[in-house]
Amino acid sequence: MSTYKHNLTISQRQRLVDITGSIKEDVKKSGVTDGIVVIYCPHTTAGISINENCDPDVCTDFIYGYEKVFPTQDKEYRHFEGNSHAHMKSAAVGASSTLILENGKLILGTWQAVYFCEFDGPRNRSYYVKVMEG
């Protein structure tokens, strides 16, 4: 089993960052050809999502849609840090994703990529990739 830590500097308030390439590099470094790959975000105002990677407007729409459901500004929010919206978006997206690794390749759909989802930037962030044989 191998664990890899990655650091990101995100300059926007909300952004989806395609991290698929770094995950593929971790798989290659691990030497594991068949197993499970877990991607984990240790932050309560960010998350991990698998989504379309062909049209960049999907990421824009993703943020727009979550903003409609969990608006950045709402006079009823009580959390003193002023980032309740980011906590809710993170909880809805989730802190991790699991992928199947087969014959040295991640099983992803034709249009899929893995995204680090920032909801409370700008920030320095990290995420972990665990590659497990099996």
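## Lys 89 and its partner

Lys 89 is buried in this predicted model, with a relative accessible area of 0%. The side chain of Lys 89 meets that of Glu 67 in a salt bridge, at 2.5 Å from N to O. Lys 89 belongs to helix 3 and Glu 67 to helix 2, so the pair ties together parts that are 22 residues apart in sequence. Glu 67 is partly exposed, with a relative accessible area of 24%. Side chains of opposite charge can pair in this way when their charged atoms come close.

## Helix 2 against helix 3

The salt bridge between Lys 89 and Glu 67 sits within a contact between two helices. Phe 62, Tyr 66 and Glu 67 are the residues on the helix 2 side, and they meet Lys 89, Ala 92 and Val 93 of helix 3. Sorted by class, this contact has four nonpolar residues, two charged ones and no polar ones.

Two packed helices are described by the angle between their axes and the distance between the axes. For helix 2 (residues 57-69) and helix 3 (residues 84-93), the axes come within 10 Å and cross at roughly 120 degrees. The crossing of helix 2 with helix 3 is right-handed.

## The buried residues of helix 3

Which residues of helix 3 are buried? They are Ser 84, His 85, Ala 86, Lys 89, Ser 90 and Val 93. Lys 89 and Val 93 thus appear both in this buried set and in the contact with helix 2.

What do the buried residues of helix 3 pack against? Their neighbours are strand 4, helix 2 and strand 7. Just after helix 3 comes Gly 94, which takes a positive phi of about 105 degrees.

## The three-stranded sheet

Strand 4 and strand 7, both packed against by helix 3, are also members of an open sheet. This sheet has three strands in the order 2-7-4, and the pairing is antiparallel. Strand 2 (15-18) and strand 4 (46-52) stand at the edges with a single partner strand each, so one side of each has no neighbour in the sheet. From one strand to the next, the twist averages 35 degrees. Strands of a sheet pair through backbone hydrogen bonds, either parallel or antiparallel.

Strand 7 (residues 112-118) pairs with strand 2 in the antiparallel sense over four bridges. Within this pairing, Asp 18 has Tyr 115 of strand 7 as its bridge partner, and Leu 16 has Cys 117. On the other pairing, seven bridges join strand 7 to strand 4, again running antiparallel. There, Ile 48 has Phe 116 of strand 7 as its bridge partner. Strand 7 is mostly covered, with six of its seven residues buried.

## Other salt bridges

How many salt bridges does the structure hold? There are five, and the pair of Lys 89 and Glu 67 is one of them. Another joins Asp 26 to Lys 29, with the closest N and O atoms 3.7 Å apart. These two residues are three residues apart in helix 1 (residues 20-30), which means that about one helical turn separates them. Their accessibility is unlike: Asp 26 is buried, at a relative accessible area of 0%, whereas Lys 29 is exposed, at 56%.

A further salt bridge is formed by Lys 75 and Glu 76, whose closest N and O atoms are 3.7 Å apart. Lys 75 is exposed, with a relative accessible area of 78%. Glu 76 also counts as exposed, at 58% relative accessibility.

## Ser 30 in helix 1

Ser 30 lies in helix 1. Is Ser 30 buried or exposed? Its relative accessibility is 18%, and Ser 30 therefore counts as buried, the cut-off being under 20%.

Leaving aside residues up to four places away in sequence, Ser 30 touches Ser 2, Tyr 4 and Val 131. Ser 30 and Ile 50 are 20 residues apart in sequence, and their C-alpha atoms are 22 Å apart in space.

How values were computed. Residues are numbered from 1 along each chain as its sequence is written. This is a predicted model: local features need pLDDT of at least 70, side-chain atom pairs count only at pLDDT 80 or more; totals for chains, interfaces and linings use all residues. Side-chain values use heavy atoms; hydrogens and water are left out. Axes are lines fitted to C-alpha atoms, for helices over the stretch in contact, and angles run from 0 to 180 degrees between N-to-C directions. A crossing is left-handed if the near helix is turned anticlockwise from the far one by less than a right angle, and right-handed if clockwise. Contact means heavy atoms within 4.5 Å. Ala, Val, Leu, Ile, Met, Phe, Trp, Tyr, Cys and Pro count as nonpolar, Asp, Glu, Lys and Arg as charged, and the others, Gly among them, as polar. Two strands pair if DSSP finds at least two bridges between them. Buried means under 20% relative accessible area, exposed over 50%, partly exposed in between (1.4 Å probe, protein chains only). A salt bridge is a side-chain nitrogen of Lys or Arg within 4 Å of a carboxyl oxygen of Asp or Glu.
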